[in-house]
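Here is a short tour for a reader meeting this structure for the first time. Please keep the sequence and the 3D view open while reading.

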Amino acid sequence: MLASEATIPATDEGLIRGDGVFEVIRLYEGRPFALDRHLARLERSAANLRLPLDLEAVRADAWRLLAQAGPDPEHDLLRIIVTRGGRRLLLTEPMPPNPEIVRLASVTYSPTRILDGIKSLSYGANMLAGRLARERGFDEALLVTPHGRVLEAPTSSIFYVRDGELFTPPLDEHILASITRAIVIQATAAPERGCTLDELLDADEAFLASTTREVQAISAVDERTFDAPGPITARTAEVVEALVREQLEAETAEQLGADTR
Ligand SMILES: Cc1ncc(COP(=O)(O)O)c(C=O)c1O
């Protein structure tokens with residue numbers, strides 16, 4: 001069925017209250033990347049939200065949908081949504097436009113502590129932050145606490161370079177345990193280090209990381225501009241792309257083995 005024709009009951013609390021969980025998975029020529037890691041995060045999110053979830057039913061739905069979708073550029077992403085009303089929605093989507101560089105405007109933001117460890121459907125605040133940034137003529141928001149600590153962007157993690165070394169804010173700043181962030185750390189051994197907005201403005205380079213962006217160079221934060229991509233960002237983009245390819249091949253081989261067993 002076309003995603004635009006799918007419906008859910010208006011009474012579903014997933015819609016009414018944003019009470020539910022979701023994941024977005026990248027498809028490379030129809031093959032899902034890090035599906036098990038996304039399903040594991042979906043399971044953790046649901047458990048933390050006290051949301052019943054039949055993970056094996058989600059997995060079966062995902063493979064059924066991917067078999068129908070095939071390697072079509074219209075199907076770059078797989079979105080999985082599970083609602084309080086007990087619905088499972090699985091949609092494929094094309095990639096959103098992703099320019100090579102991004103300009104960020106800082107927006108004051110306090111993470112909702114109770115939602116720690118939950119990729120919940122309550123994304124209104126994140127979407128508003130992006131809209132406020134675009135109203136100011138930027139591409140995306142940089143979420144910064146009222147005390148000036150750099151967190152992440154509304155749908156991506158941030159890395160920054162100071163004195164030639166790559167860092168990322170720690171998960172205990174109540175940011176999402178991003179799967180791409182973990183891959184960048186695996187590829188570069190970048191340590192976690194908290195960062196104020198002033199320190200970021202003083203950094204040499206910075207980039208965003210997410211499922212859809214992979215590594216995306218930051219060319220401005222507020223009035224501060226960066227040469228983008230800087231050398232460490234460009235190198236990281238290459239090694240991350242190679243690691244993603246390598247892991248994708250291994251996952252595909254494993255899946256083929258499982259299918260023929
Ligand atoms: C708040 C937030 N941070 C970071 C990310 C990046 O996470 P991932 O790498 O798992 O896509 C996302 C993804 O949607 C997000 O919503």
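The report starts with the whole chain, then turns to salt bridges, empty spaces and two single residues.

**The whole chain**

The model is predicted. The protein chain holds seven helices and 12 strands. Along its principal axes, the C-alpha trace spans about 50 × 40 × 30 Å. The radius of gyration of the protein chain is 19 Å. A compact globule of 261 residues would have a value near 18 Å, so the two agree.

Of the 261 residues, 49% count as buried. Contacts reach far along the sequence. Among those between residues at least 6 apart, 68% join residues at least 24 apart.

**Salt bridges**

Side chains of opposite charge can pair when their charged atoms come close. A search of the whole structure finds 20 salt bridges. Three of them appear in this table.

| Salt bridge | N to O distance | Separation along the chain |
|---|---|---|
| Arg 87 and Asp 12 | 3.6 Å | 75 residues |
| Glu 214 and Arg 26 | 4.0 Å | 188 residues |
| Arg 59 and Asp 36 | 3.0 Å | 23 residues |

Take the pair of Arg 87 and Asp 12, whose closest N and O atoms are 3.6 Å apart. This pair links distant parts of the chain. Arg 87 sits in the loop between β3 (77-83) and β4, while Asp 12 belongs to the segment before α1 (13-17). How do the partners differ in exposure? Arg 87 has a relative accessible area of 32%, so it is partly exposed. Asp 12 has 1%, so it is buried.

Next come Glu 214 and Arg 26, whose side chains meet in a salt bridge. Their pairing ties strand β11 to strand β1 (residues 20-28). Glu 214 counts as buried because its relative accessibility is 18%, and the cut-off for buried is under 20%. Arg 26 is buried too, with a relative accessible area of 14%.

The side chains of Arg 59 and Asp 36 also meet in a salt bridge. Here helix α3 supplies Arg 59 and helix α2 (residues 35-48) supplies Asp 36. Arg 59 counts as partly exposed, at 24% relative accessibility.

Some salt bridges share partners. In this way Glu 29, Arg 31, Arg 245 and Glu 249 are joined into one network.

**A pocket and a cavity**

The second largest pocket has a volume of about 520 Å³. It is lined by 17 residues, and the closest to its centre are Met 1, Ala 3, Leu 65, Leu 90 and Leu 91. Which elements give two or more residues to this lining? They are α3 (55-69) and β4 (88-93). By class, the lining of this pocket divides into nine nonpolar, four polar and four charged residues.

How many cavities of 30 Å³ or more does the structure hold? There is one. The largest cavity has a volume of about 70 Å³. Its lining includes Tyr 28, Phe 33, His 38, Ile 179, Ser 210 and Val 244. Glu 214, the salt-bridge partner of Arg 26, is also among the lining residues of the largest cavity.

Both α5 (179-188) and α7 (231-260) supply at least two residues of the cavity lining. Helix α5 gives the most, with three residues. The cavity lining has seven nonpolar, four polar and one charged residues.

**Two residues up close**

Leu 66 lies in helix α3. Is Leu 66 buried or exposed? Its relative accessible area is 7%, so Leu 66 is buried. Leaving aside neighbours within four places in sequence, Leu 66 is in contact with Leu 27, Gly 30, Pro 32 and Leu 78. The C-alpha atoms of Leu 66 and Arg 31 are separated by 7.8 Å, although these residues are 35 apart along the chain. Arg 31 also takes part in the salt-bridge network.

Ser 219 lies in strand β11 (residues 214-221). Its relative accessibility is 11%, so Ser 219 counts as buried. Which residues does Ser 219 contact, leaving aside its neighbours within four places in sequence? They are Ile 101, Val 102, Arg 103, Arg 224, Thr 225, Phe 226 and Ala 228.

Definitions and conventions
Residues are numbered from 1 along each chain as its sequence is written. This is a predicted model: local features need pLDDT of at least 70, side-chain atom pairs count only at pLDDT 80 or more; totals for chains, interfaces and linings use all residues. Side-chain values use heavy atoms; hydrogens and water are left out. Buried means under 20% relative accessible area, exposed over 50%, partly exposed in between (1.4 Å probe, protein chains only). Contact means heavy atoms within 4.5 Å. On a 1 Å grid over the protein atoms alone, a cavity is a set of points where a 1.4 Å probe fits but cannot get out, and a pocket is an open set with protein on both sides within 12 Å along at least five of seven lines; lining residues have an atom within 4 Å of a point. Grid points are joined across faces, edges and corners, and a volume is the space filled by probe spheres set on the points. Ala, Val, Leu, Ile, Met, Phe, Trp, Tyr, Cys and Pro count as nonpolar, Asp, Glu, Lys and Arg as charged, and the others, Gly among them, as polar. The radius of gyration is taken over C-alpha atoms; the globule rule is 2.2 Å times the number of residues to the power 0.38.
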